[in-house]
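Grab a coffee and open the viewer. Here are a few exercises, each with a worked solution to check yourself against.

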Amino acid sequence: MTSLTQVVSLARAWRNAVARSGAVFLRDAGHGLLEVSHNSLALFGLLVVGVALFASSRSDLRHAIEAQTLSWLQARHEARVQAAADPDAEPNLGEPDAILRATASDPKNLSRAQASVALWLAARYHVAPEPVSRLVQEAWTVGALVDLDPTLILAVMAVESSFNPFAQSPVGAQGLMQVMTKVHDDKYEAFGGSHAAFDPVTNLRVGVQVLKECIRRTGSLEAGLRSYVGAANSGEDGGYAAKVLAQQDILRQVASGGKVRTTVAATLPAAKTRPALDAATPAEPQSATPADPAPAPDKIALLH
């Protein structure tokens with residue numbers, strides 16, 4: 001009987017010890033978590049204070065944050081008001097920042113020569129003057145950087161795509177300057193990837209890179225154009241180089257203030273024999289279709 005009582009006493013003592021140890025562990029763990037949380041909140045508070053002090057010292061940054069916050073609050077308020085007034089109203093699809101994606105410029109902001117070229121191209125190819133003005137600006141800027149005549153760049157675009165930024169040939173030449181995207185995908189890496197081929201400005205810049213490489217490798221403008229269109233080996237480009245150079249002559253005449261009809265055909269003789277256009281006597285107009293025909297499917301911007 002005494003032995004049984006001792007065993008029971010030992011069991012109770014062990015249970016009490018375990019309970020006390022568990023209570024101490026839980027209490028210590030709770031204190032530790034509280035301390036960690038307290039320190040973390042203190043660090044977060046210091047971070048917030050630091051950011052606030054930095055923002056307060058930068059008036060431009062502070063104004064930008066205030067403007068964004070106010071814009072967000074106004075948008076939320078307007079959305080709540082609209083939803084309360086008319087629960088069945090159509091969702092607001094507006095995007096005020098969409099203007100940043102637009103490829104367009106006001107022709108009034110261009111120089112006289114650039115504006116003349118932009119308006120002539122807009123009328124010639126039945127496209128809006130604002131996006132063409134942006135491309136003309138870009139041709140002048142990029143042309144100066146790589147030492148290419150901007151009218152040559154614009155002439156290539158005119159012949160290749162008639163200023164359709166979404167043009168694609170059966171063999172995969174894409175965009176304004178009909179660059180083979182799969183062949184020159186490395187050049188698009190600097191612009192975020194190959195889908196940038198359909199961004200007009202990006203396609204122009206990549207096309208200029210390809211054209212400049214072709215001219216440098218072949219040693220002359222005419223040979224470079226033949227290489228650009230994929231006729232470097234055969235030497236037979238179907239009159240492509242002559243057509244581009246004739247178009248360039250027309251654009252030069254327009255840029256210098258000459259009066260050239262928008263129906264003029266860009267099919268003058270090439271290089272050595274092509275005459276300059278007379279501003280007083282426009283070239284004989286093309287028949288019905290104002291835009292040049294699309295380039296032949298096998299003529300593409302391709303570096304071998």
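## Getting oriented

Reading along the sequence, the protein chain runs α-α-α-α-α-β-β-α-α-α-α. Keep in mind that this is a predicted model.

**Exercise 1.** Work out how many helices and strands the protein chain has, and what share of its residues is buried.

*Solution.*
- Start with the elements: there are 9 helices and 2 strands in the protein chain.
- Next, burial: of the 304 residues in the protein chain, 34% are buried.
- Finally, look at the contacts with a separation of 6 or more: residues 24 or more positions apart account for 56% of them.

## Helix α5 and its surroundings

**Exercise 2.** Find the length of helix α5 and compare its reach with the expected value.

*Solution.*
- Helix α5 covers residues 150-161, which gives 12 residues.
- From the first C-alpha to the last, α5 reaches 17 Å.
- At 1.5 Å a residue you'd expect 16 Å, so the two values are close.
- Just after α5 comes Ser-162, with a positive phi near 55°.

**Exercise 3.** Is α5 mostly covered or mostly open, and which helices are among those covering its buried residues?

*Solution.*
- Count first: 12 of the 12 residues in α5 are buried, which makes the helix mostly covered.
- The buried set includes Pro-150 and Ser-161, and also Glu-160.
- Now look for the cover: it includes α3 (112-125), α4 (129-146), α7 (200-218), α8 (221-228) and α9 (240-255).

## Two helix pairs

Two packed helices are described by the angle between their axes and the distance between the axes. That's the recipe for the next two exercises.

**Exercise 4.** Describe how α5 packs against α9, and sort the contact residues by type.

*Solution.*
- The α5 and α9 axes lie 8 Å apart, at an angle of about 125°.
- That angle is why α5 counts as oblique to α9.
- As for handedness, the crossing of α5 and α9 is right-handed.
- On the α5 side, the contact is made by Thr-151, Leu-152, Leu-154, Ala-155, Val-156, Ala-158, Val-159 and Glu-160.
- On the α9 side, you'll find Tyr-240, Lys-243, Val-244, Gln-247, Gln-248, Leu-251 and Arg-252.
- Sorted by type, the residues of this α5 and α9 contact come to 9 nonpolar, 3 polar and 3 charged.

**Exercise 5.** Do the same for α5 and α7: find the crossing angle, then the contact residues.

*Solution.*
- The axes of α5 and α7 cross at roughly 105° and come within 11 Å.
- So α5 is roughly perpendicular to α7.
- From α5, the residues involved are Leu-152, Ile-153, Val-156 and Met-157, and they meet Leu-204, Val-208 and Leu-211 in α7.
- By type, the contact of α5 with α7 has 7 nonpolar residues, no polar and no charged ones.

## A neighbour in α4

**Exercise 6.** Is Val-142 buried or exposed, and what does Val-142 touch beyond four places away in sequence?

*Solution.*
- Place it: Val-142 is in helix α4.
- Its relative accessible area is 9%, so Val-142 is buried.
- Leaving out residues up to four places away in sequence, Val-142 touches Leu-204, Arg-205 and Val-208.
- For a distance along the way, try Gln-209: its C-alpha is 9.7 Å from that of Val-142, though the two are 67 residues apart along the chain.

## Helix α3 and two positive phi values

**Exercise 7.** List the buried residues of α3 and find what follows the helix.

*Solution.*
- With 14 residues, α3 reaches 20 Å from first C-alpha to last, close to the expected 20 Å.
- Its buried residues are Gln-114, Ala-115, Val-117, Ala-118, Trp-120, Leu-121, Ala-122, Arg-124 and Tyr-125.
- The cover over them includes α4, α5 and α9.
- After α3 comes His-126, with a positive phi near 55°.

**Exercise 8.** Where do His-126 and Asp-147 lie, and are they buried or exposed?

*Solution.*
- Most residues other than glycine have a negative phi.
- His-126 has a positive phi, near 55°, and sits in the loop between α3 and α4.
- His-126 has 61% relative accessibility, so it counts as exposed.
- Asp-147 has a positive phi too, near 65°, and lies in the loop between α4 and α5.
- The relative accessible area of Asp-147 is 65%, so this residue is exposed.

Conventions: Residues are numbered from 1 along each chain as its sequence is written. This is a predicted model: local features need pLDDT of at least 70, side-chain atom pairs count only at pLDDT 80 or more; totals for chains, interfaces and linings use all residues. Side-chain values use heavy atoms; hydrogens and water are left out. Helices (H or I, at least four residues) and strands (E, at least two) are DSSP runs, numbered from the N terminus. Buried means under 20% relative accessible area, exposed over 50%, partly exposed in between (1.4 Å probe, protein chains only). Contact means heavy atoms within 4.5 Å. Axes are lines fitted to C-alpha atoms, for helices over the stretch in contact, and angles run from 0 to 180 degrees between N-to-C directions. Angles under 35 degrees count as roughly parallel, over 145 as roughly antiparallel, 65 to 115 as roughly perpendicular and the rest as oblique. A crossing is left-handed if the near helix is turned anticlockwise from the far one by less than a right angle, and right-handed if clockwise. Ala, Val, Leu, Ile, Met, Phe, Trp, Tyr, Cys and Pro count as nonpolar, Asp, Glu, Lys and Arg as charged, and the others, Gly among them, as polar.
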